[in-house]
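Open your viewer and get the selection tool ready. We will walk through this structure one stop at a time.

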Amino acid sequence: MDLYEYQGKQLFARFGIPVSEGRVALTPGEAKAAAAELGGPVVVKAQVLTGGRGKAGGIKLAATPDEAAERAAEILGLDIRGHVVRTLWIERASDIEREYYFSITFDRGAKRPLFMLTTSGGVDIEEVAESDPDAIARLHIDPLAGWHPWIARELCFRAAIPAAERKQVMAIIEAAYRTFRESDAMLVEINPLIVTPDGEIRALDSKFTVDDNALMRHPDIAGMRDLAAADPQEQMAREKGLTYVKLDGEVGILGNGAGLVMSTLDVVAQAGGHAANFLDVGGGAQAQEIVDALEVITSDPKVRAILFNIFGGITRCDEVAQGILDALSGRDIGVPMVVRLDGTSDEEGRKLLADANPPGVHVERTMLDAARRAVELAGAPA
Ligand code: GDP
Ligand code: MN
């Protein structure tokens, strides 16, 4: 789960990372009131779950409360890479002498948290990594050995942080690691980490991703999710406890088990189609689960055919077939569905479907045939 900048900064503040004072605003009027309360110049910042807001015109300085209202009116409703701005963060403006970059993320290859620090911040870190990779100090740490102050000292040394700033930067690195650990984060990124003309160091931005599987340990963070910004199908699937990933194509995919669903995506691509989603109903495939899954899939207007791929191991294909029949009874799902059943009790399952012969349901024996049929029924992508 990704957090908005202002939510990440709330967590930063809780763990002792210095941030600027600010307020959330949903309207130009609230932006004006926030600016008046903060006093002096402010920055009006679009809160969207994507980076590069500055370049997209989503971050603007305002000298007075009236200007803050004007900038807010310009930014609200802006589309930043597909994210419409509905929330603003009004923050006391900072004077910036230099911009650094700091992050903690997981390096899956090394199976360790990776710290990165560079004095070439502010811009896209990918650009720095490309043009001047040696400018980025990188350090992996052993999560079992825990925190040790040398980690922060070593990073500052490698990144050539000026001596006068080291104490502050080290304290921020240590606090950031505590934030990362104690929030079960996958990413904590500060870009830019600024140095003010007075030599004060502060997090001016925050990118914060928390491990979804750890959210039950953090009800406060789980409560930060912006339900209005979520994809409607993903939202519905989450409520029903289904594993669902939205993709771009036209064939809705339903299977039991992540491995099978992933290979189904490949076979649909092989057949010349594009998957509209990834929906894993898991081991169980009872009528209610199938009803829920079909409801999620068919609520996506891009879906023009459904491929239901089941491999029966412990799951029995005849039970799945019965589940499909129960789920379809008296219901028009509006799009054709191809069913492939293989494994335990597949003969019985296919017979059940053949005997009932529900409208719009096509049974195929193999995964490839099923994928071809589904792609054909979905028609050529518009
Ligand atoms: P991003 O574009 O989504 O990464 O948003 P940031 O919060 O990182 O802001 C982008 C840029 O706007 C920063 O790198 C700064 O150069 C500038 N900026 C943001 N806040 C302030 C501020 O308080 N004062 C000044 N002078 N510039 C700011
Ligand atoms: Mn930034």
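Start by colouring domain 2 and domain 3: their C-alpha centres lie 43 Å apart. This is a predicted model, and its domain assignment gives domain 1 (21–92), domain 2 (98–222) and domain 3 (230–379). Give each of these three its own colour and keep the colours on for the rest of the tour.

Next, turn to domain 1 and domain 2. The largest pocket lies between them, because both give residues to its lining. Its space comes to about 1100 Å³. To find the centre, select Gly52, Arg53, Gly122, Asn191 and Asp205, which lie nearest to it among the 40 lining residues. Now show the secondary structure around the pocket: β1 (2–3), β3 (42–46), β4 (59–62), β8 (98–107), α4 (125–131), β11 and β13 each give two or more residues to the lining. If you colour the lining by class, you will find 16 nonpolar, 11 polar and 13 charged residues.

Keep two of those central residues selected and add ligand 2. Which residues are the protein donors of the manganese ion? They are Asn191, through O, and Asp205, through OD, lying 2.2 Å from the ion. Trace the chain from one donor to the other: Asn191 sits in strand β11 (residues 185–195), while Asp205 is in the loop between β12 (201–203) and β13 (207–210), and the two are 14 residues apart. Are these donors buried or exposed? Both Asn191 and Asp205 are buried.

From here, select helix α7 (residues 219–222) and pick out Ile221 within it. Ile221 has 2% relative accessibility, so it counts as buried. Now add Gln7 and draw a C-alpha to C-alpha distance: Ile221 and Gln7 come out 8.7 Å apart in space, although 214 residues separate them in sequence.

For the last stop, select two cysteines. Cys156 counts as buried because its relative accessibility is 0%. Cys317 has a relative accessible area of 0%, so it is buried too. How many disulfides are there when a pair of cysteine sulfur atoms must lie within 2.5 Å? The count by this rule is zero.

To finish, zoom back out to the three coloured domains and look once more at the pocket between domain 1 and domain 2, with Asn191 and Asp205 among the residues nearest its centre.

Conventions. Residues numbered from 1 in each chain as written. Chains lettered and ligands numbered in written order. Predicted model: local features only at pLDDT ≥ 70, side-chain atom pairs only at ≥ 80, totals over all residues. Heavy atoms only, no water. Donors = N, O, S within 2.8 Å, 3.2 Å for Na, K, Ca; no water. Helix = DSSP H or I, 4+ residues; strand = E, 2+ residues; numbered from the N terminus. Buried < 20%, exposed > 50% of the residue type's maximum accessible area, 1.4 Å probe, protein only. 1 Å grid on protein atoms, 1.4 Å probe; cavity = no way out; pocket = protein on both sides within 12 Å on 5 of 7 lines; lining within 4 Å. Points joined across faces, edges and corners; volume = space filled by probe spheres on them. Nonpolar A, V, L, I, M, F, W, Y, C, P; charged D, E, K, R; others polar. Domains from an automatic or database assignment. Disulfide = S-S within 2.5 Å.
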